[in-house]
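Thank you all for coming; I would like to take a few minutes to walk through one model, going from the overall build to the interior, and then on to a helix, the ligand and one loop residue.

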Amino acid sequence: MKFLNIVGTAREGRKSIRAARKIDNVFQDQGHETFFYDLKEKNIPPVGNRTYTDEGPVPEDIQDLREKILEADCIVLVVPEYNHSYPGILKTALDYMYPEYDEKPFAYVTVSGGGFGGVRALSHLHDVTLEYGGQPGPDLPVSNVSSTLNEDGEVIDESYEGRFESFAEDVEEFVDRRT
Ligand SMILES: Cc1cc2nc3c(=O)[nH]c(=O)nc-3n(C[C@H](O)[C@H](O)[C@H](O)COP(=O)(O)O)c2cc1C
C-alpha cells in the first residue's frame with residue numbers, strides 16, 4: 001500500500017516530527033511505500049486558488065500534495081494539539097482540495113507534550129475528514145512525546161513498545177476493508 005504521511009506542523013523545534021519519523025519507518029518496515037510530506041519544508045500560502053476550480057494556478061507544493069493524495073491508499077495525519085485543535089497550517093494545506101478526498105481513508109497520530117495525547121485535535125480532525133468526504137480510520141494518541149520517542153523517532157517509553165506497529169496493522173486492515 002501507499003501511505004501519505006503528512007507532518008501537520010511547521011513549528012521550529014516541534015516534537016511531533018518524532019512520531020512522524022517513527023510511523024514512516026514502521027510502514028516501510030511492514031513493506032509499504034510511503035510519501036513523507038512535511039509542511040515545514042513546503043510553501044503553503046493562505047488558501048487562494050483551489051485545485052478543483054478554474055480560479056487559476058495553485059502553488060507548486062499544493063499541486064504536489066494533490067498528486068500524492070490521489071495516489072495514496074491512505075492519508076496519515078501526524079498532528080500535535082494546539083489550543084485544543086490542530087495547527088492552522090495543516091487546515092490551510094488540506095483546504096486547497098476537496099473532491100480529491102472522496103472516500104479516501106484517513107488515519108491519525110496525534111501528539112501532545114502532556115498526558116492527553118492530542119485527543120481534542122483528533123475530534124476536530126474527524127469532523128473535517130467527514131466534511132471532505134473522507135473516511136476516518138484508526139488513531140494513535142501519543143502522550144508525553146518527549147519521554148515517549150527520541151529525536152530519531154525511536155520509542156524510549158516501554159509502554160509504547162509495539163503500539164506504532166499495531167496501529168500500522170490496524171490502518172492496513174482498515175484500508176483493505178475499503179478496497
Ligand atoms: C501553539 C501551541 C499550542 C498548544 N496547545 C496545546 C493543547 O491545547 N493541548 C496540549 O495537550 N498541548 C498543547 N501544546 C503542547 C504540544 O502538545 C507540545 O508542543 C508537543 O510537543 C507537540 O507539539 P509540537 O510538535 O509542536 O512540539 C501546544 C503547543 C503549542 C506550540
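Before I give a figure for the interior, let me fix one term: a residue is called buried if 20 or more other C-beta atoms lie within 10 Å of its own. What you see here is a predicted model, and in the protein buried residues, in that sense, make up 40% of the 179 residues.

As to the overall build, the protein has six helices and five strands, and, read from the N terminus on, the elements follow the order β-α-β-α-β-α-β-α-β-α-α. The C-alpha atoms fill a box of roughly 50 × 35 × 25 Å when the principal axes are used. The radius of gyration is 15 Å, which agrees with the value near 16 Å that a compact globule of 179 residues would have. If we take the contacts between residues at least 6 apart in sequence, 79% of them join residues at least 24 apart.

Turning to the interior, we can start from a general tendency, namely that in soluble globular proteins nonpolar side chains tend to be buried together. The largest nonpolar core here has 45 residues, and the members that touch the most others are Ile23, Val76 and Val78. What, then, is isoleucine 23 in contact with, once its neighbours within four places in sequence are left aside? Its partners are Asn5, Val76, Val78, Val109, Phe164 and Ala168.

Next comes helix α3, residues 88–95, whose buried residues are Leu90, Ala93 and Leu94. These lie on the same side of α3, because they cover an arc of only 95 degrees around the axis. As a reminder, an α-helix has 3.6 residues a turn, so residues three or four places apart point the same way. The cover over the buried residues of α3 includes α2 (60–71) and β3 (74–80).

For the ligand, 16 residues surround it, and the closest are Arg14, Ser16, Pro80, Ser112 and Gly113. Sorted by class, that shell has five nonpolar, seven polar and four charged residues.

Finally, consider glutamate 151, which sits in the loop between α5 (145–148) and α6 (163–178). Is glutamate 151 buried or exposed? Glutamate 151 counts as exposed because it has 10 other C-beta atoms within 10 Å, and the cut-off for exposed is 12 or fewer. Its C-alpha atom is separated by 20 Å from that of phenylalanine 35, and the two residues are 116 apart along the chain.

Definitions and conventions. Residues numbered from 1 in each chain as written. Predicted model: local features only at pLDDT ≥ 70, side-chain atom pairs only at ≥ 80, totals over all residues. Core = buried A, V, L, I, M, F, W, Y, C linked by C-beta atoms within 7 Å. Contact = placed C-beta atoms within 7 Å. Near = placed C-beta within 6 Å. Nonpolar A, V, L, I, M, F, W, Y, C, P; charged D, E, K, R; others polar. Helix = DSSP H or I, 4+ residues; strand = E, 2+ residues; numbered from the N terminus. Arc of directions from axis to C-beta. Rg over C-alpha atoms; globule rule 2.2 N^0.38 Å.
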